[in-house]
Number of protein chains: 2
Amino acid sequence: MRAWLAALATVALATLAPATPALAGPWRAGADAVVQRALHDPTAYDYVESISVEVGQRLAGSEAAARARDWAVAKLTALGFKNVRVEPFPITAWLRGPEEAEIVSPHPQTLAIIGLGGSVPTPPDGVEGEIALFHTYADLLAAPPGSLTGKIAVVTQPMPRTQDGSGYGALNPNRRQGPSEAAKRGAIAYLTRSLATGVSREPHTGALNYEPGVPRIPAAALSTIDSELIDHLAERGRPIRIRLKLASTTKPATAWTVEGEIPGAVHPDQIVQLGGHLDSWDPGTGSIDDGAGMGIAVAAARLAASQGPPQRTIRVALFGAEEMDYASAPFAAAHKGDAPHMVVIGESDIGADRAWSVALPAGSTNTPEMRDYAAAVAPLGVMVAREPARYSGDDTVGLVRAGVPAFAVRQDASRYFDWHHSSEDTLDKVDPKQLNQAVATWAAFVYIAANSDIDFRALRAAATPQP
Amino acid sequence: MRAWLAALATVALATLAPATPALAGPWRAGADAVVQRALHDPTAYDYVESISVEVGQRLAGSEAAARARDWAVAKLTALGFKNVRVEPFPITAWLRGPEEAEIVSPHPQTLAIIGLGGSVPTPPDGVEGEIALFHTYADLLAAPPGSLTGKIAVVTQPMPRTQDGSGYGALNPNRRQGPSEAAKRGAIAYLTRSLATGVSREPHTGALNYEPGVPRIPAAALSTIDSELIDHLAERGRPIRIRLKLASTTKPATAWTVEGEIPGAVHPDQIVQLGGHLDSWDPGTGSIDDGAGMGIAVAAARLAASQGPPQRTIRVALFGAEEMDYASAPFAAAHKGDAPHMVVIGESDIGADRAWSVALPAGSTNTPEMRDYAAAVAPLGVMVAREPARYSGDDTVGLVRAGVPAFAVRQDASRYFDWHHSSEDTLDKVDPKQLNQAVATWAAFVYIAANSDIDFRALRAAATPQP
């Protein structure tokens, strides 16, 4: 018995009674059937297991990214997708080299760090300096110009654990803008506590954004344990010196978004656009970010077609360079022609845990289609958010700006940032039962979106007050 | 060593480095000191331990409520509060009698149920009927008039587990309005899956609201385990009959809100109003709902005065009848005179777990006072919510409607609804470390609100677009 089946077999799925109320809308019975099938479907777990084991880490621009592309083409083809194709686009690859850091004084202590994506390297011998410690990013921003000259700026603010991932959003400037803000004040290097929940010795990477015209200083993330060690050391009042060595290279490279479709039987030009991202950070195997997300999208697309050929086309895109923010614009450009016919777009990029809420396209909540959807997923413990979806993944931003309605599934992110962007992003973190609950939540939506005539653009227009 | 000290001693509190940045505002050093003191302060845990052990359950209108009143007066006095007083108000007491339920056919099975607060009793021999099963509340609402005649309506929709408690809000109509909606369609009784996360044999009570003019039918909550059993049984396709017996009595009674103050040294007429609620449901000991909330409010008030006498008065109200919604209006009426001088109001009523977010009064986020506050609590892993506070506990609703600015601390509610309103609401669920982190989050706010000149009403007015 496969692991995912074993896990399912031990769990009572109490919500599977087959009866459908007589007064439900026309999509309810099909959506209920899709949900039940999804809870036992092996596709998503098999997908994430396969890419974790057979491809592993796949940083955009690396040798592994090309292997991931070929794997994805073969996988979508094997799963029965049509029109499988590769869309290349240019990127600047950033490739990690050896990295190390240590506390030099008051006494030597090795630090677990990881360079931020895009960081310049240090000189070969590293940089060394006394630290300037900030317990919050606001405190760094309050430091006057010149006050960090010759110093290594260290921000140790912890990230709140949140179900909706908002803690990550709140601390994102610490990693993204922190290096340039420190450099403006004279710092020679920048260290941030990992943007991570939990307390662990594994540091968490992620991209930085250097501000134009500001000196580019090397920047890394500290493990949360080492960040707390520095806090404790600082309480003793003696100066702390740190040495940091980062090596990295950059080069022009190509990335690839891989796509496949389940063609619509009636309206093949109307597209329900799903996706996840194919690239990953390099320390783990990209199982939860975003192997699981891709697996959810691929499984949901197939399940939505399990009750018969869909009326509209269901397309899945496996975006080739999400982590360094490269994939959204090329995808929007490549699909400028079909964007006006995209019914809805959604990306699955928040791990493998269960869904707790969905954000519907604006103005659609009270339609018969979405009422049937809400009732189909309510037994899964999923509710409809009050606010409509305004965002559904970094790779969809270009098309959402271009007017494509968004749909989002909110999976529980409480554990996600314990492992995200670290060496702990591995297959063992994927719980097949939770994964399939998320698949069911996506699949029922895709089923209704691809088989009804619902027009999310018209609903949004009707719901938007006229100026 | 007390339990709470033992727990703290084993945990690294990494965020306690004493340095305060030179450019911080004038409230930062004091707020930092309050935070550090709060993390080691025994007041909140001792409070909840004392009321759990010495008073226990204290349903409004019961004999225990009078004991709770006397305990609260003695406790606030012993803790040094001034102007300790009791505000009586009339309620209709609802007192639980013996309750039982069983599946009669297809085969006998005892069910763990608890009557909903306010439910009418059944006849002494109970009611028995075939069930009409609804997997969602929406399905019940879709049932036509007369379709439930002679039946017991059962809604088995599970409640989403949410950090912010929104899952409880989403399913509240299942318990509040479900009995009358079922009665309109002819039902003779109503059972809802407990509004609870987790899966347990303990049922969770809570108030219902009968709709005027609709027959009042007896209503109870099923344990989540028994709700799932009924779902499974229904899959077998044979009719299910249930017998339900509920006894309860009602009587005119008095409830009491107990108050105490730390008088302001400069502006005694300006009031920072805190609170928690003194009453509890009857099956547990009301430790997390709302022993912990009261403990947090009482401790925060004292800690806010720990750096010297506060400029403004800090008042704590221990509301006497929250669970049946009786306390808000009498409190607003009793304080009609001082409401215009209330600086801010906040109630702590979401358990004992750690804070992750705060909602500030509208328009105040970018003030020096609130920037200092945000920086003081950021090392606790607490962030400022984007949306301002519009609500801060059921007992404050009257005064918030009357224009008093609200402040809210969002504690992690992920575990709260595993125990809320059930026999499992007991002292062992209180983690002293998390409790004190919540105390620190409240206390730093109260310290700044009571010692600065911040005018939340003026800030709100300035932030509100003029028509």
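Q: Before we compare chains A and B, how are the copies superposed?
A: Copies are superposed by least squares on the C-alpha atoms of residues with pLDDT of at least 70 in both, and the model here is a predicted one.

Q: OK, so what turn and shift lay chain B on chain A?
A: A turn of 180 degrees, with a shift of 0.0 Å along the axis, lays chain B on chain A with an RMSD of 0.0 Å. That is the relation of a two-fold axis.

Q: And which C-alpha of chain B is nearest the axis?
A: In chain B that is the C-alpha of Gln163(B), which lies 2.9 Å from the axis.

Q: Do the copies meet through the same surface or through different ones?
A: They meet through the same surface, because 100% of the interface residues of chain B are also interface residues in chain A.

Q: Switching to H4(A), which of its residues are buried?
A: The buried residues in H4(A) are Ala65(A), Ala68(A), Arg69(A), Ala72(A), Lys75(A) and Leu76(A). They cover an arc of only 140 degrees around the axis, which puts them on the same side of H4(A).

Q: What do they pack against?
A: Within chain A, the buried residues of H4(A) pack against helix H3 (43–54) and against strands S1 (82–105), S8 (241–262) and S10 (312–319).

Q: And which exposed residues are on the face turned away?
A: The face of H4(A) turned away from its buried side carries Glu63(A), Thr77(A) and Ala78(A), which are exposed.

Q: What follows H4(A)?
A: H4(A) is followed by Gly80(A), and the phi of Gly80(A) is positive, near 95 degrees.

Conventions:
Residues are numbered from 1 along each chain as its sequence is written. Chains are lettered from A and ligands numbered from 1 in the order in which they are written. This is a predicted model: local features need pLDDT of at least 70, side-chain atom pairs count only at pLDDT 80 or more; totals for chains, interfaces and linings use all residues. A residue is buried if 20 or more other C-beta atoms lie within 10 Å of its own, exposed if 12 or fewer, and partly exposed in between; C-beta atoms are placed from the backbone. Helices (H or I, at least four residues) and strands (E, at least two) are DSSP runs, numbered from the N terminus. The arc is that of the directions from the helix axis to the C-beta atoms. Two residues are in contact if their C-beta atoms, placed from the backbone, lie within 7 Å.
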